[in-house]
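Please take a moment to look over the sequence and the model before reading on. The paragraphs after it are meant to be read with the structure in view.

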Amino acid sequence: MKIVAVGGGPGGLFAATLLKKSDHTREITVYERNRADDTFGFGVVFSQETLSNIESADPESLGRIAAEFRHWSAIDVDFLGTRERSDGHAFAALERKRLLAILGERATELGVDVRYSSEAPDLDTLRASHDLVVAADGVNSRIRSALAADFEPSLDPRTAKYVWFATTRPFDCFTFQFVQTGFGLFWAHIYPFDGERSTFIVETDSDTWARAGLGEFAAAPRRPGENDERSMRFCEEIFAELLDGHGLVGNNSGWLNFGVVRNRNWMAGNVALVGDAAHTAHFSIGSGTKLALEDAIGLAVAVDREPTIDAALKAYQEDRKPAVESLQRSAQTSLEWFEGARRYRHLAPEQFTFQLLTRSQRVTYDNLKLRDPGYVGRVDAWLAERTRAHGLEVETGTPPMFHPFRLRGLTLPNRIVVSPMAQYSATDGVPDDWHLVHLGARAQGGAGLVMTEMICTSPDARITPGCPGLWTDEQRDAWARVVRFVHERTDAAIGAQIGHAGRKGSTKLMWEGIDEPLDQGNWEILAPSPVRYRPDSAVPREATAADLDQVVADHVAAARRADEAGFDLLELHFAHGYLVSGFLSPVSNRRTDSYGGSLDNRARLALRILDAVREVWPAAKPISVRISATDWVDDGFDGDDAVALAPMLAAHGADIIDVSTGQTSTEARPRYGRLYQTPFADRIRQETGVPTITVGAISSVEDANTIIASGRADLCAIARPHLVDPYWTLNAALDQDYRGHPIPKQYRSGLSARRREQTP
């Protein structure tokens, strides 16, 4: 077998090493256009997971690399002069030049033909003369460009500015330093890579960068290899106290924008992408070299295992791509956190540091507690002090999810919400025993707040024939029965979510065909514009002024009945493509009158309803508003709109924003993943000061504790986990050995038995 790797970086060299090691008859060549001792960047950092993967693949390589490692376990965060340390992490780093030298030496001694200062032959020649072409030619891959029709690459250029330096100051651990200047916030990512030097990456947002005049420096022409000396001097000045007399060192250093590379396919015939040619992940999680080396391992394993190159490359992509995409999601979350770092400027240092440490969602409250109980103990003490400052009682050390929370006159015993979940089980809008047991069981299960599914404000406001309503007194009285049980038998509060289905109405029950139009018994549906939701949906009627007056009146009547039924909180459903959401989104709102066009106009109906409902809803009871913070559609409602809308809603009487996303268009392309909607709630909360509820793909106790401790949201709404475990919150208390959570007296014997089982 003849194999060629184009690019002598970590991915190309290690792939060549592993492929040669497993079969010495293979003829393997590596082309690297730079000299052996050329490199860009300074240090590379590894986690223990990556080191274990390298050791499994080639213990000899790891042994040589490890001999030159600089190890540390702590992360220091200096936020505007306040320093905090979190220990118990495991990192190792070395100089990038030494890593490449070690990998090159190892490949050469195994018989790989490594050709430095050599341009690879043209791609057609390589493909014709080799069984396998490994495209390891970096972020600006020429091979990827040449085969773009096969790989289908995408590049997402990001907004933050960064520049890569080293310093002669030997830091002892990973360090993040944030400094406030007259231009705005700058920060440095720093880590040691030998006993005398450290990598020193300076980053800032594009507005601050422009105000500082750094664009002028960046625009000055530089010869290859030269540094932006004026920017280097600027960075030395703003970080002078931290550098403590040491200088910065450049290596072709100039300002950059990070670009996120993704490829739909990683193979094209006998060509495989590895490393930055296939994908990039932001340097804030130290992943570029890790991913390249693990790609090399995955590729070599697939080639050794499969009978043909075609089968091997398919297996390589199937095995590696999901893992890389998962890490890219975490890296994207981290990248976006730093892009918006200035929104956290107002946080107390304790919470800012915790936000930073958990930014990628891979590190959690519970994980940090395991690594460094002392650090998390300090976080717990600060959280308890803050809760008590709001006039609420809590013991120091109480898990964050069990801190109480107050909205107007309502005090919730903890931060867990049973999210609204449609049951489609009402008859003529009247809830029955199913709703009593469904909501009652989850209230018994310990959540602080239990929410109904969307209660429709009129018969033609329903999504399906099975949706409940509040347009009659009979419906009100049926709901009152549910509310009485929750109040008399549990410590939970209960909220009513009300809304109008809009163009998503008159559809089948979920288990008969979600969003499919009814075959019979249809009713007329209403929308801002006559735009179908799906190609097979009915065309909605464009709402007239009289229609909108009636919609407002129906919401008011439903709110009155909700109060009469005894609900503690009211939520207005302005999300998920239902009527008011349809007005908010330019995807479905094509109007040219005062209800269309600008966000102010598109929000007019929402604010009319909120004003009218707030007038009849008791002043001591809170109102929540659920929104879709993005349509996930180009030119649709987006995060910027959500940030602009939240203070409008608050000014009109909303006490908290329930932040969901999407479900507004069949053209949506959501970025699904764990906690994928939480950054939207976080952004609204930090930029506007309006309290938020986060919802979506929250399933673990770790997630809930992390969200609350970091201040990403005030409440966590958990849906599907409550369907399979009504006692999710109670079990969370037991799992954390938290004894302050009430347990129904009828079930206390079970608690005693469980604790006996847990006693060693």
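What follows is a walk through a barrel of strands, the helices beside it and some aromatic side chains.

Keep in mind from the start that this is a predicted model. A good place to begin is the barrel, in which eight strands close up in the order 20-21-22-25-26-27-28-29, with parallel pairing. Strands of a sheet pair through backbone hydrogen bonds, and the pairing can be either parallel or antiparallel. In this barrel, neighbouring strands are turned against each other by 25° on average, if their direction is ignored.

One pair of strands shows how the joining looks in detail: strand 20 (residues 416-418) and strand 21 (residues 449-456) run parallel and are joined by two bridges, and within this pair Val 418 stands opposite Val 450 of strand 21. Helix 17 (residues 433-444) lies across strand 20 and strand 21, and its course makes an angle of about 155° to strand 21. Strand 20 is also crossed by helix 26 (residues 701-710), which lies across strand 28 (692-695) and strand 29 (715-718) as well and runs at about 155° to strand 29.

We can now turn to the aromatic side chains, for which a search of the whole structure finds 33 pairs. A pair of aromatic rings is described by the distance between the centres and the angle between the planes. In the pair of Phe 402 and Tyr 738, the ring centres are 4.8 Å apart and the planes stand at 25°, which is under 30 degrees, so the pair counts as stacked. Because Phe 402 lies in the loop between helix 16 (373-389) and strand 18 (405-407), while Tyr 738 lies in the loop between helix 28 (728-735) and helix 29 (748-758), the pair ties together parts that are 336 residues apart in sequence. Both Phe 402 and Tyr 738 are buried.

A second pair has another geometry: the rings of Phe 583 and Tyr 595 have centres 6.1 Å apart and planes at 75°, which is over 60 degrees, so this pair is edge-to-face. Phe 583 belongs to helix 21 (residues 579-584) and Tyr 595 to the loop between helix 21 and helix 22 (599-602), twelve residues apart, and both Phe 583 and Tyr 595 are buried.

Aromatic residues also gather in a cluster, whose members include Trp 72, Phe 174, Trp 187, Tyr 191 and Trp 337. Finally, rings can have a charge above them: the charged end of Arg 169 sits over the ring of Phe 171, 4.1 Å from its centre, and that of Lys 504 sits over the ring of Tyr 578, 5.0 Å from its centre.

Technical notes: Residues numbered from 1 in each chain as written. Predicted model: local features only at pLDDT ≥ 70, side-chain atom pairs only at ≥ 80, totals over all residues. Heavy atoms only, no water. Phe/Tyr/Trp six-rings, centres within 6.5 Å; stacked < 30°, edge-to-face > 60°. Helix = DSSP H or I, 4+ residues; strand = E, 2+ residues; numbered from the N terminus. Buried < 20%, exposed > 50% of the residue type's maximum accessible area, 1.4 Å probe, protein only. Lys NZ or Arg CZ within 6 Å of the ring centre and 35° of its normal. Pairing = 2+ DSSP bridges. Axes fitted to C-alpha atoms, helices over the stretch in contact; angles between N-to-C directions. Contact = heavy atoms within 4.5 Å.
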